[in-house]
Amino acid sequence: SPGRLQDKKLKITKFNCFAGRVLCHLDECGVEDINEAVEQAKTAFNIWGKMSGMERARTMIEAARIIESRREEIAQMEVINNGKSITEARLDVDSARLCIEYFAGLASTLSGQHVQLPGGSFAYTRREPLGVCAGIGAWNYPFQIAAWKSAPALACGNAMIFKPSPVTPVTAVLLAEIYAQAGVPQGLFNVVQGGQETGRILCQHPDIAKVSFTGSVPTGKKVSLYGIKPVTLELGGKSPVLIFSDCDLENAVRGALMANFLSQGQVCSNGTRVFVQKDILPEFVKEVVKRTKSIEIGDPLLETTRMGALVSRPHLDNVLSYVNQAKKEGADVLCGGEVFLPSDPKLKDGYYMSPCVLGNCTDEMTCVKEEIFGPVMSVLSFETEEEALHRANDTTLGLAAGVFTSDVRRAHRVVEHLKAGSCFINNYNITPVEVPFGGFKMSGIGRENGQVTVEYYSQLKTVFVEMGDVDSLF
Ligand SMILES: NC(=O)c1ccc[n+]([C@@H]2O[C@H](COP(=O)([O-])OP(=O)(O)OC[C@H]3O[C@@H](n4cnc5c(N)ncnc54)[C@H](O)[C@@H]3O)[C@@H](O)[C@H]2O)c1
Ligand SMILES: C[N+](C)(C)CCCC=O
């Protein structure tokens with residue numbers, strides 16, 4: 001309720017990323033708002049958690065239908081919220097809808113196990129919801145992240161309070177509106193606005209049963225220390241793509257672009273360390289640079305635009321400083337890496353940069369070691385498979401990895417040794433909602449999407465049933 005938030009002191013100013021103007025002001029939610037959201041969620045959970053899976057599924061399918069009918073409106077709002085191109089925003093809305101449909105399909109399949117014990121006794125397990133879950137989102141996929149968290153939570157019978165990033169606060173509210181319109185109990189999916197303090201209060205609330213967090217490694221570390229409650233962490237990456245000389249080069253070039261430039265390079269799973277086998281390096285670099293230079297940058301609402309604006313001025317400055325640092329450390333800027341000024345004067349204050357390819361990179365460079373989270377590809381060369389694998393795995397992160405080769409045995413051998421949660425063979429950055437997504441090492445704990453996610457939003461109760469007498473030792 002906007003009225004109740006008026007007395008809060010802290011304000012969030014949301015800028016329009018592609019024109020650099022103030023879009024709106026929001027009040028940060030504090031203890032009182034969160035208490036109220038939790039109370040509402042508990043009441044809603046008491047209704048929702050007792051419904052059958054089929055009943056929950058019906059409401060979720062209705063939410064998916066509303067998303068489909070409002071696809072264009074949501075996508076346009078996401079462009080304004082985040083700065084990405086309308087083409088990508090539509091795909092994000094589709095992924096959100098598909099996720100809700102997928103988990104609606106699983107809602108009626110939740111079940112336990114029956115175990116026979118001696119003497120006719122038996123035990124069975126019940127899969128039960130956790131209660132009120134907290135979802136905390138990053139700013140790169142605001143609507144999609146809210147759906148990827150709420151869909152499994154709701155399918156398993158939980159309520160969720162979701163806090164979007166203060167950098168992109170707008171579209172999660174649309175999702176709350178849609179769930180309400182679809183008929184979920186009031187307060188089952190609520191949105192609280194705010195930054196780190198709101199996030200901390202929410203996660204530490206004693207009635208929050210689980211936290212599902214998407215964001216950076218440093219914040220993920222804090223969230224994991226908030227208390228004894230289940231936590232899903234979807235964190236950052238610095239993923240490798242291994243391009244062998246026996247690959248289909250055209251496909252590998254396309255893969256490298258998809259691995260680096262979606263969402264202005266602001267993608268957790270991006271394959272930003274592109275290892276290319278030495279004998280095809282010149283040809284690969286020539287083609288990648290040519291295609292990168294031809295990426296259409298500008299007004300993200302135009303159909304022809306393929307790269308919109310970065311999410312904020314400070315983030316743009318940070319990404320550009322990584323390019324400067326790379327130059328100082330000896331990398332060659334093969335293209336891009338500069339502020340981009342669109343021809344439309346209305347967009348002159350937007351946060352645009354030209355996508356960048358860095359050549360002559362080595363493993364020790366900052367651009368190769370740290371997550372830049374912008375449109376910056378680092379190209380490295382290698383000679384042997386063993387060497388490439390060793391260098392690819394030489395990181396504390398392990399979200400994703402890719403391999404391009406026409407040798408099927410090499411593909412599976414390499415993937416077996418890659419230390420990453422999502423491995424792509426001859427493709428990159430596809431995330432069908434039917435398959436699990438999540439990281440190895442410091443890239444996270446737990447998974448989103450796929451059947452396994454049910455385990456992260458429910459708990460098992462074991463029931464022992466004695467058919468004889470108590471065999472007492474006393
Ligand atoms: N693995 C994935 O699925 C995935 C997906 C998207 C983004 N990411 C990662 O997210 C990062 C970029 O997102 P970001 O800059 O929004 O990350 P961030 O860690 O700065 O913020 C993420 C969220 O946490 C909140 N937050 C901040 N401090 C908090 C605290 N102390 N307690 C609770 N909540 C707190 C923020 O307000 C925001 O909503 C990148 O590292 C990227 O790789 C990972
Ligand atoms: C849909 N993508 C592009 C694979 C992004 C997954 C979520 C990570 O940021």
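Trainee: Which helix gives the most to the lining of the second largest pocket?
Mentor: This is a predicted model. In it, the elements that give two or more residues to that lining are helix H5 (86-107), H6 and H10. With seven residues, the top contributor is H5.

Trainee: What volume does the second largest pocket have, and which residues lie closest to its centre?
Mentor: The volume is about 820 Å³. The lining counts 34 residues. The closest to the centre are Leu 91, Tyr 141, Met 258, Leu 262 and Asn 429.

Trainee: How many charged residues are in that pocket's lining?
Mentor: Split the lining of the second largest pocket by class. Nonpolar residues number 19 and polar residues nine. The charged residues number six.

Trainee: H6 is one of those lining elements. Which strands does H6 touch?
Mentor: Start with the sheet. Its six strands form an open sheet with mixed pairing, in the order S7-S6-S5-S8-S9-S19. Helix H6 (residues 142-155) packs on this sheet, at about 165° to the direction of S6. The strands touched are S5, S6, S7 and S8.

Trainee: Which strands are the edges of the six-stranded sheet?
Mentor: Look for strands that pair on one side only. The order S7-S6-S5-S8-S9-S19 puts two names at its ends. The edges are S7 (189-191) and S19 (444-445).

Trainee: Do S5 and S8 run parallel or antiparallel?
Mentor: Strand S5 covers residues 132-136 and strand S8 covers residues 208-214. Five bridges join the two. Val 132 stands opposite Ile 208 in S8. The strands run parallel.

Trainee: At about what angle to S6 does helix H2 run?
Mentor: Helix H2 spans residues 31-48. It lies across S5, strand S6 (159-163), S7 and S8. Its angle to S6 is about 150°.

Trainee: H10 also lines the second largest pocket. What angle does H10 make with S14?
Mentor: Take the other sheet: seven strands, open, mixed pairing, order S12-S13-S14-S11-S10-S16-S17. The twist averages 25° from one strand to the next. Helix H10 (residues 249-261) touches S10, S11, strand S13 (356-359), strand S14 (376-382) and S16. With the direction of S14, the helix makes about 135°.

Trainee: Which residue of S11 stands opposite Leu 242?
Mentor: Strand S10 (residues 240-243) and strand S11 (residues 273-277) run parallel. Four bridges join them. Opposite Leu 242 stands Phe 275.

Trainee: What is the volume of the largest pocket, and how many residues line it?
Mentor: Gly 215, Ser 216, Val 217, Pro 218 and Thr 219 lie nearest the centre of the largest pocket. By class, its lining has 20 nonpolar, 17 polar and 13 charged residues. The volume is about 1,100 Å³, and the lining residues number 50.

Trainee: Which strands each supply at least two residues of the lining of the largest cavity?
Mentor: The model holds three cavities of 30 Å³ or more, and the largest has about 70 Å³. Among the residues closest to its centre are Leu 397, Gly 398 and Ala 400. The strands are S15 (397-398) and S16 (400-404).

Trainee: Which domain does the UniProt record place on residues 11-463?
Mentor: The span is 40% helix and 21% strand, and its end C-alpha atoms lie 50 Å apart. The entry is unreviewed. Its annotation for these residues reads "domain: Aldehyde dehydrogenase".

Key:
Residues are numbered from 1 along each chain as its sequence is written. Chains are lettered from A and ligands numbered from 1 in the order in which they are written. This is a predicted model: local features need pLDDT of at least 70, side-chain atom pairs count only at pLDDT 80 or more; totals for chains, interfaces and linings use all residues. Side-chain values use heavy atoms; hydrogens and water are left out. UniProt positions are given in the numbering used here, feature names are shortened, and annotations may be inferred rather than shown by experiment. Two strands pair if DSSP finds at least two bridges between them. Contact means heavy atoms within 4.5 Å. Axes are lines fitted to C-alpha atoms, for helices over the stretch in contact, and angles run from 0 to 180 degrees between N-to-C directions. On a 1 Å grid over the protein atoms alone, a cavity is a set of points where a 1.4 Å probe fits but cannot get out, and a pocket is an open set with protein on both sides within 12 Å along at least five of seven lines; lining residues have an atom within 4 Å of a point. Grid points are joined across faces, edges and corners, and a volume is the space filled by probe spheres set on the points. Ala, Val, Leu, Ile, Met, Phe, Trp, Tyr, Cys and Pro count as nonpolar, Asp, Glu, Lys and Arg as charged, and the others, Gly among them, as polar.
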